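Trainee: I've got a protein open on my screen and I keep tripping over the vocabulary. Could we go through it together?

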Amino acid sequence: MFRTVAAPDGRGDSRPRGERSQRLRAAAALGSLLLLVVSDRGVAATPDYEALRVAPYAVTPEDIADEMLKLAHVGPGDYVVDLGSGDGRLVIRAVSRFGARGGLGVDINDKLVAYANAWAAEQGVSDRVAFHTRDLFATSVSEATVVTIYLFPKIMARVRDKLLAELAPGARVVSHDFPLPGWRIDRIATFAAPEKNDTTGRRDAVLYLYTVPARSAGQ
Ligand SMILES: C[S@@+](CC[C@H](N)C(=O)[O-])C[C@H]1O[C@@H](n2cnc3c(N)ncnc32)[C@H](O)[C@@H]1O
C-alpha cells in the first residue's frame, strides 16, 4: 500500500529549510545514514525485520504531524508514544514544539531508530525522548497519555486491542489514515497533503482521534 520512500535525506519533505539542515547534520553525525535508502527489502535492519514488519516506512508530512499532535491537544502533561516511529518526527515534535514532558518511539528498523536518536540529540531533547529498536507489539504503552500511529490497515484490530488493554482511561490515540475498527471516533479531520509519499496515491491525510473510555467495574 505504501510506496518505498527515500531515507532521511529531506527529499520530498515539507520541513522548513533550517530544520532540514539540522536533520542533515544529525544524519552526517551518523556517517552512512545520509546514503541510506530505505526500502522494504534493501534496508539494513534487525534480523527479524521481515517477520515483524506490520507497515513499511512512509513519513507523515511535517505539517500533518503537527495536526496529529494538535488534534490530541498535546501539552506539558503528556507522554507521547509513536508506535512505528520512523525518523522520530512525531515524538520529537511533541516535546520540542508542543512541550510534552516526554516521549518514546519504537521501530523495528534500527537505522531509523539511530537516526531518530541523533535527531533528538540535535534538537536538544534527548533527556526527554528515547527511541528503541523494538516490536511495537512487545512495547508497553501503559505510561502514554497520547499514542500516535501510522500503520497498516490489516493490523489495526490487533493494535486497538493492545491500546484498549494498556492505556489508562482518558488517554488519546491519533491514527493517520487508517481507523481502529469498532472504536468510537471522537473526531475525524482531513487535510491536504500534496507531498504524501505512500502508494495509495492520495494527496490528503485523514486523522482519527480516539479517547480511551472509563473502565466499567471489574475491568
Ligand atoms: C508508515 S511508517 C510511520 C512512521 C512515523 N510514525 C511517521 O508517521 O512518520 C510505519 C513505521 O512502522 C515501522 N514498523 C513496522 N512494523 C513494526 C513493528 N512490528 N514494530 C515496530 N515498528 C514497526 C516501520 O519500520 C515504519 O518505520
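Mentor: Sure. Keep in mind that this is a predicted model. Along the sequence, the protein chain runs α-α-α-β-α-β-α-β-β-α-β-β-β, which comes to six helices and seven strands.

Trainee: What makes β3 and β6 edge strands in the sheet?

Mentor: Start with the order. The sheet is open, has seven strands with mixed pairing, and reads β3-β2-β1-β4-β5-β7-β6. β3 (129–133) and β6 (187–192) each have a single partner strand, so one side of each is left without a neighbour in the sheet. From one strand to the next, the twist averages 15°.

Trainee: How do you know that β1 and β2 count as a pair?

Mentor: Two strands pair if there are at least two bridges between them. Strand β1 (residues 79–83) and β2 pair over five bridges, in the parallel sense, so they meet that cut-off. You can spot Leu 83 standing opposite Val 106 in β2.

Trainee: And what lies across β1, β2, β3 and β4?

Mentor: That's α4, running at about 175° to β2. Angles go from 0 to 180 degrees between N-to-C directions, so a value of about 175° means that α4 and β2 run in nearly opposite directions.

Trainee: How do you know that helix α5 has the span expected of it?

Mentor: Take 1.5 Å times one less than the number of residues. Helix α5 (residues 110–122) has 13 residues, and its 18 Å from first C-alpha to last is close to the expected 18 Å. Just after α5, Gly 124 takes a positive phi of about 75°.

Trainee: Which residues in α5 are called buried, and why?

Mentor: A residue is buried if 20 or more other C-beta atoms lie within 10 Å of its own. In α5, the residues that pass include Lys 111, Leu 112, Tyr 115 and Trp 119. Over the protein chain's 219 residues, 40% count as buried.

Trainee: What makes a residue part of the shell around the ligand?

Mentor: Its C-beta atom has to lie within 6 Å of the ligand. There are 23 residues around the ligand, and the closest are Thr 60, Gly 84, Gly 86, Leu 136 and Tyr 150. α4 (89–96) and β2 (102–107) each supply at least two residues of that shell.

Trainee: How do the residues of the shell divide into nonpolar, polar and charged?

Mentor: They divide into 12 nonpolar, six polar and five charged. Watch the glycines: Gly counts as polar here, so Gly 84 and Gly 86 go into the polar group.

Key. Residues are numbered from 1 along each chain as its sequence is written. This is a predicted model: local features need pLDDT of at least 70, side-chain atom pairs count only at pLDDT 80 or more; totals for chains, interfaces and linings use all residues. Helices (H or I, at least four residues) and strands (E, at least two) are DSSP runs, numbered from the N terminus. Two residues are in contact if their C-beta atoms, placed from the backbone, lie within 7 Å. A residue is buried if 20 or more other C-beta atoms lie within 10 Å of its own, exposed if 12 or fewer, and partly exposed in between; C-beta atoms are placed from the backbone.
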